[in-house]
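Could you walk me through this fold, starting with the sheet and working outwards to the helices?

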Amino acid sequence: MALTQAAERAALNKIIDYLNEDPEKNIDTIMTLVNKFVPEYVLPSQRRAFDTAIRERNNWYRLMMRIFDLNPEVRTKLLKTLIVDCSVLAWPQQERMREKHQCNIPYAILLDPTSACNLRCTGCWAAEYGHALNLSFEDIDSIICQGKELGCHIYIYTGGEPLVRKDDLIRLCEKHQDCAFLCFTNATLIDEAFCQEMIRVGNFVPAISAEGDEGTTDSRRGKGTYAKIERAMNLLRENGLPFGISCCWTRENADAVATEANMDWMIEKGALFCWYFHYMPVGASSPASLMPTPEQRERMYHFVRDMRSKKELFTMDFQNDGEFVGGCIAGGRRYLHINAAGDVEPCVFIHYSNVNIHDVTLLEALKSPLFMKYYENQPFNDNHLRPCPMLENPYELGRLVAESGAHGTDLVEPETPEDLRRKTVAGAAAWAPVAEKIWNDENDPMYTKRLEGMQQGMADTDLEKFERLGHFGDCQNEK
Ligand code: SF4
C-alpha cells in the first residue's frame with residue numbers, strides 16, 4: 001500500500017472510530033469530515049445519499065442506527081472494511097486497472113467454494129450434483145490475492161451450501177481482514193460456535209435464503225428447515241451480528257414475498273438487507289412457466305421502490321435496479337462468477353465460459369473472449385429495465401457465445417444458448433412494452449435522470465470506453 005493510501009486509510013478509520021464513539025451525536029458532522037479527506041470523484045452519488053439520509057432522518061438514517069446497534073467490535077471492523085477498504089480505497093484502484101488493462105475489473109467476485117449441500121431441496125441443482133466439486137482453500141486464497149491486486153475486496157460465496165466449508169471460510173476471513181465476505185446460505189449450519197467465529201473475524205455476513213412461510217419452506221426443503229432458519233436468525237440477532245435475506249421470486253411466490261408484512265418480519269428478525277432475485281429459467285429442466293409475469297414484475301418494481309423509501313432495510317431487486325449501475329454488471333464489469341469446478345463465468349446465471357481459474361490468472365480470465373464480448377457490448381439495452389443479454393435481450397447471449405467460442409459450463413444440465421432463448425423469448429417480448437411504459441413514465445421519480453442519458457450508474461471508465469469504441473455498448477442494435 002502506498003504511503004498516501006496508508007495515510008488515507010488511517011484518517012478514514014479514525015473518522016469511523018469517531019462516529020462509533022457516539023453515533024447519534026457525531027453523525028451530523030461525519031460527511032464534513034469525509035468530504036475533507038476523500039476526493040470528490042470517489043462514490044459521489046453514495047455520498048449524496050448518506051448526506052440526505054442524515055439531514056432528513058429518514059428510513060436510511062434509521063437503518064444506520066440499526067447498524068450501530070450491532071456488536072460494537074463487529075460493526076467497527078465491518079464498517080472500516082466495507083467503507084474504507086472495499087469502497088473508498090478500492091474504487092479508484094479498480095478504475096486505474098480498468099484504464100490500464102482496457103477490460104472489465106470487478107467490484108465483487110462471486111464464487112462457489114463447493115457444489116455440496118446439506119439439504120436436498122426440490123428443483124435445486126446442488127441436490128443432484130452432490131459433493132463432487134470444491135475450490136480448495138488455496139484456490140480461493142489465490143483468487144482473493146489476485147483480486148486485491150486489481151482492487152477487488154468483496155467476495156461473495158454461492159453454491160452449493162458454502163457453510164459446508166465454514167472452517168475454510170473463516171480462515172479466509174482471518175487472512176484477508178481488508179476484505180468483506182458475504183455468503184448466500186440456507187442458514188441451517190449457523191450455530192452459536194459459528195456466531196462466535198463471526199464475531200472474532202468481523203468481516204463475514206450471511207445472506208439467508210427465505211422464500212416463503214413454514215409450509216412452503218418445509219415442503220420444498222425438508223421438514224424442520226423453516227424452524228432451523230428462524231433459529232439461525234435469532235442466534236445472529238442475539239449476538240448482534242449483521243445478516244440479510246435473499247429471496248428468489250417466481251410466478252408462484254411473487255405475490256406472497258412482496259408484501260409489507262414480509263418486510264416487517266425481516267426487520268423484526270434483525271435482517272439489515274433484502275435482495276430479491278428474479279427467477280431465471282437456466283438449466284435444461286428449469287421451466288419458463290415459473291418466470292414472473294410482466295404484471296408481477298411491474299408490481300415488484302413499484303413495491304421495492306416504495307419499501308426502499310420507507311423501511312429501515314436495504315432492499316434491492318436485481319432485475320429492476322439496473323439503472324443504478326448502468327445496466328448489466330456481469331462479465332467483470334462489476335462482478336463475475338467462478339463455479340466449484342473453477343469455470344470463470346460472466347454471471348452466476350450465465351453458464352458459458354472460455355476459461356478455468358485452474359489454467360489462467362484472474363486478469364487473463366477478464367480478458368478472455370466471452371468477457372471481452374461483454375466489455376465491448378455492455379449495456380445491452382438503453383432501457384435499464386431490460387438489461388440482460390439472456391432474459392430481456394434473448395438474441396444477444398447466443399451471439400456473444402458464438403462469437404467468443406465459449407462452451408457450456410452448467411454442472412448438471414448443459415443447454416445451448418438457443419435452447420435457453422426458446423424459454424426466454426416470449427417473456428422478453430411481453431415485458432418490453434411494460435418496461436418502456438415504466439421507463440418513459442413522467443411521474444416516475446427517476447424520469448429526469450433517465451432523460452440525462454446513459455451516464456446514470458456509469459463509471460468514468462465506462463464513459464471513456466464508449467467514447468473509444470464509438471458507441472454506447474450494444475444498445476443501438478435491434479431489440
Ligand atoms: S447477465 Fe443478466 S442476470 Fe447477469 S448481471 Fe447481466 S443482466 Fe444481470
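Here is a tour of the sheet, then of the helices that go with it. Keep in mind that the model is predicted.

Let's begin with the overall layout. The sheet is open, has nine strands and mixed pairing, and its order reads β7-β6-β5-β4-β3-β2-β1-β8-β9. At the two edges sit β7 (314-317) and β9 (344-345), each of which pairs on one side only. Strands like these are held to their neighbours through backbone hydrogen bonds, in either a parallel or an antiparallel fashion.

Now look at β3. All six of its six residues, 180-185, are buried, so the strand is largely enclosed by the rest of the structure. You can see that on either face: A180, L182 and F184 are buried on one side, and F181, C183 and T185 are buried on the other.

On one flank, β3 runs parallel to β2 (residues 154-157), and four bridges join the two. Here I156 has L182 of β3 as its bridge partner. On the other pairing, five bridges tie β3 to β4 (residues 204-209), again in parallel, and L182 turns up once more, this time opposite V205 of β4.

How do you get from one of these strands to the next? From β2 the route goes by way of helix α9 (residues 166-175) to β3, making a right-handed β-α-β unit. From β3, helix α10 (residues 192-201) provides the link to β4, and this β-α-β unit is right-handed too.

Those two connecting helices also meet each other. The axes of α9 and α10 come within 9 Å and cross at roughly 15°. Since anything under 35 degrees counts as roughly parallel, that makes α9 roughly parallel to α10. Their crossing is left-handed. At the contact, α9 brings K166, I170, C173 and E174, while α10 offers F194, E197, M198, R200 and V201.

Stay with α10 for a moment. Its buried residues are F194, C195, M198, I199 and V201. In an α-helix there are 3.6 residues a turn, so residues three or four places apart point the same way. As for what the buried residues of α10 pack against, the list is α5 (72-88), α9, β4 and α12. Right after α10 comes G202, with a positive phi near 75°.

That brings in α12 (residues 225-238), which has a helix partner of its own in α14 (residues 260-269): the axes are 9 Å apart, at an angle of about 50°. The pair is therefore oblique. Contacts here run from Y226, E230, M233, N234 and R237 in α12 to W265, E268 and K269 in α14.

Back to the sheet, on the far side of β2. Strand β1 (residues 108-111) is covered on both faces, with A108 and L110 buried on one side and I109 and L111 on the other. Four bridges connect β1 to β2 in parallel, where I109 stands opposite Y155. Another four join β1 to β8 (residues 335-338), also in parallel, with L110 opposite H337.

Finally, visit the β7 edge. Its partner is β6 (residues 273-278), and the two run parallel, joined by four bridges. W275 has M316 of β7 as its bridge partner.

How values were computed: Residues are numbered from 1 along each chain as its sequence is written. This is a predicted model: local features need pLDDT of at least 70, side-chain atom pairs count only at pLDDT 80 or more; totals for chains, interfaces and linings use all residues. Side-chain values use heavy atoms; hydrogens and water are left out. Buried means under 20% relative accessible area, exposed over 50%, partly exposed in between (1.4 Å probe, protein chains only). Two strands pair if DSSP finds at least two bridges between them. A crossover is right-handed if, with the strands pointing away from the viewer, the path from the first strand over the helix to the second runs clockwise. Axes are lines fitted to C-alpha atoms, for helices over the stretch in contact, and angles run from 0 to 180 degrees between N-to-C directions. Angles under 35 degrees count as roughly parallel, over 145 as roughly antiparallel, 65 to 115 as roughly perpendicular and the rest as oblique. A crossing is left-handed if the near helix is turned anticlockwise from the far one by less than a right angle, and right-handed if clockwise. Contact means heavy atoms within 4.5 Å.
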